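Here is a short briefing to read alongside the structure. Keep the viewer open and follow the residues as they come up.

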Amino acid sequence: MATDEFAELLLRLRKRTGRTQEQQADAINAVSGRETMTRREINRYEHGENIPTNHTLAHIAVACGLPPEHLQREAAAARARRRKARREEEDQDDVKRRTLLGGAFVGAAAAAEPWERLAHAISKGRKIDSDAADTLVDRACFLHMSEGHRTAQDLQSEVEAHLDAITAALPRAGENERKLTIAAGETAALAGWAAWDLGDHPRAHAYYKVTMECAEAAGHPPLRALALAYASYGAATPEKAAELLAQAAKEVRGPGNASAAAWIYGRLAEEAASAGDGTNALRAMDHARFAYDFADHTAEQAWVRFVTPYRIDSLALSVYGQLGRPELTETADHTVDRLGRELPEAGVVVLGDLASALLRGGDVDQGVYVSRQFAAASDARPTTMGRARARAVAAQLPASERELARHLQQFAA
């Protein structure tokens, strides 16, 4: 019997279609194109044990002939009711609290912030279904892939909701504890990036710190590398960023880390170029390209899914453009060929880096042409990373392109 208004809604929707729970799971899998939904999970939803993520809700809505926004709105209300009930229960029990960041004692349910709840949960571990654990890991992967074509504001709530979902599962993780701890750290790092991009730097540092704790708990050095690399974007100077990235590079040595190493060395090259250190920038870029020759970004850590060939192209363009290197022309041609006629989701960022590199490298006519393509693509697909590129491109456009520069500045703001 359903125990919550939202659970009752899901039950009514299924019965309206005339499906059994197993048939409902099959219908949702048909929409998502993946065999991850089970009858048992449908049963949990309909008894109020779990609330689906927004990603899953979209699939459920399509399977039931509803707009996704309707179910996502009702789910948000259900989560709010649960939080309120949890707070009331904690007040009645007079739970002793502590924060991870300050070092006092707090239970997972009592903690006020997502990183605090996660910090408590990573010390626990009991039984959870392996399919459910894999679904949580896959969701972390999906969110990292979304980072390149969505805004931080758009992504933040989904990332924090997923972090809460993993945190709730960790005390029952059993043999899946390490897997979920790693996924939790990956998700926390992405939450930190979103918080930093939105200007909430203390929140970002809190997420990066708990990512480090997940790395320690799981014995997984690449998580430390991820936290350090994301933190490098907020470093005060290129030299400080390079220092963080050099530390990160030490954490991804050895087999199975080629994609992570390629991204970190590419970032190191980018920061070295910004500092005017051409020798170390080119050396790091060579390391990045060499590592990527051995990489499979679809089969390594979940978070490296965003380290696509497009991302490596972007880093190379940034480095060669800043340094005015002759390799820029060949890299630009190669990048255009790779993008093709149908711009991929990550293509907006690549166009921004290409435009910036061409303008910095002195090819003004081609740079302006690509800048116009970038502006049109950014209007159609606004992203946080695109806005950062828009600011850089606007600053480099010639005086004759004031209108285009103004448009990009407004988009960046």
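Threonine 237 counts as partly exposed, because its relative accessibility of 35% falls between the 20% and 50% limits. In this predicted model, threonine 237 sits in the loop that joins helix H11 (221-232) to helix H12 (238-250). Its partner to look for is glutamate 271: the two are 34 residues apart in sequence, yet 8.8 Å separate them in space, C-alpha to C-alpha.

**The chain as a whole**

- The protein chain has 20 helices and 0 strands.
- Of its 413 residues, 50% are buried.
- The accessible surface of the chain is about 19,200 Å², and carbon and sulfur atoms supply 49% of that area.
- Among contacts in the chain with a separation of 6 or more, 65% are between residues 24 or more positions apart.

**Helices H2 and H3**

- Helix H2 covers residues 21-32 and helix H3 covers residues 39-46; their axes lie 8 Å apart and make an angle of about 105°.
- Why do H2 and H3 count as roughly perpendicular to each other? The angle of about 105° falls in the band from 65 to 115 degrees, so the pair is classed as roughly perpendicular.
- On the H2 side, the contact is made by Gln21, Glu22, Gln24, Ala25 and Ile28, while H3 brings Arg39, Ile42, Asn43 and Glu46.
- Sorted by class, this contact of H2 with H3 holds 3 nonpolar, 3 polar and 3 charged residues.

**Glutamine 24, within H2**

- Glutamine 24 lies in helix H2 and is one of the residues that make the contact with H3.
- Is glutamine 24 buried or exposed? Glutamine 24 is buried, because its relative accessibility of 3% is under the 20% limit.
- Leaving out neighbours within four places in sequence, glutamine 24 is in contact with Arg14, Thr17, Arg19, Ile42 and Cys64. Ile42 in that list also belongs to the H3 side of the helix contact.

**Cysteines**

- Cysteine 64, one of the contacts of glutamine 24, is buried with a relative accessible area of 8%.
- Cysteine 214 is buried too, at a relative accessible area of 0%.
- How many disulfides does the structure hold? The count is 0, so no pair of cysteine sulfur atoms lies within 2.5 Å.

**Helix H14**

- Helix H14 runs over residues 278-293 and includes alanine 288; leucine 282 is in H14 as well.
- Alanine 288 is buried, because a relative accessibility of 0% is under the 20% limit.
- Which residues does alanine 288 touch, not counting those up to four places away in sequence? They are Ala262, Tyr265 and Gly266.
- Alanine 288 and alanine 269 are 19 residues apart along the chain, and 8.4 Å separates their C-alpha atoms.
- Leucine 282 is in contact with Tyr320, Leu323 and Arg325, its neighbours within four places in sequence left aside.
- One of those contacts, arginine 325, is 43 residues from leucine 282 along the chain, and their C-alpha atoms are separated by 9.7 Å.

**Glycine 367 in helix H18**

- Glycine 367 belongs to helix H18, which spans residues 364-380.
- With a relative accessible area of 0%, glycine 367 is buried.
- Beyond its neighbours within four places in sequence, glycine 367 is in contact with Ala355, Leu358 and Leu359.
- How far apart in space are glycine 367 and leucine 397, C-alpha to C-alpha? The distance is 8.2 Å, for a pair 30 residues apart in sequence.

Methods. Residues are numbered from 1 along each chain as its sequence is written. This is a predicted model: local features need pLDDT of at least 70, side-chain atom pairs count only at pLDDT 80 or more; totals for chains, interfaces and linings use all residues. Side-chain values use heavy atoms; hydrogens and water are left out. Buried means under 20% relative accessible area, exposed over 50%, partly exposed in between (1.4 Å probe, protein chains only). Axes are lines fitted to C-alpha atoms, for helices over the stretch in contact, and angles run from 0 to 180 degrees between N-to-C directions. Helices (H or I, at least four residues) and strands (E, at least two) are DSSP runs, numbered from the N terminus. Angles under 35 degrees count as roughly parallel, over 145 as roughly antiparallel, 65 to 115 as roughly perpendicular and the rest as oblique. Contact means heavy atoms within 4.5 Å. Ala, Val, Leu, Ile, Met, Phe, Trp, Tyr, Cys and Pro count as nonpolar, Asp, Glu, Lys and Arg as charged, and the others, Gly among them, as polar. Accessible areas come from the Shrake-Rupley method with a 1.4 Å probe; for residues, only the protein chains shown count as cover.
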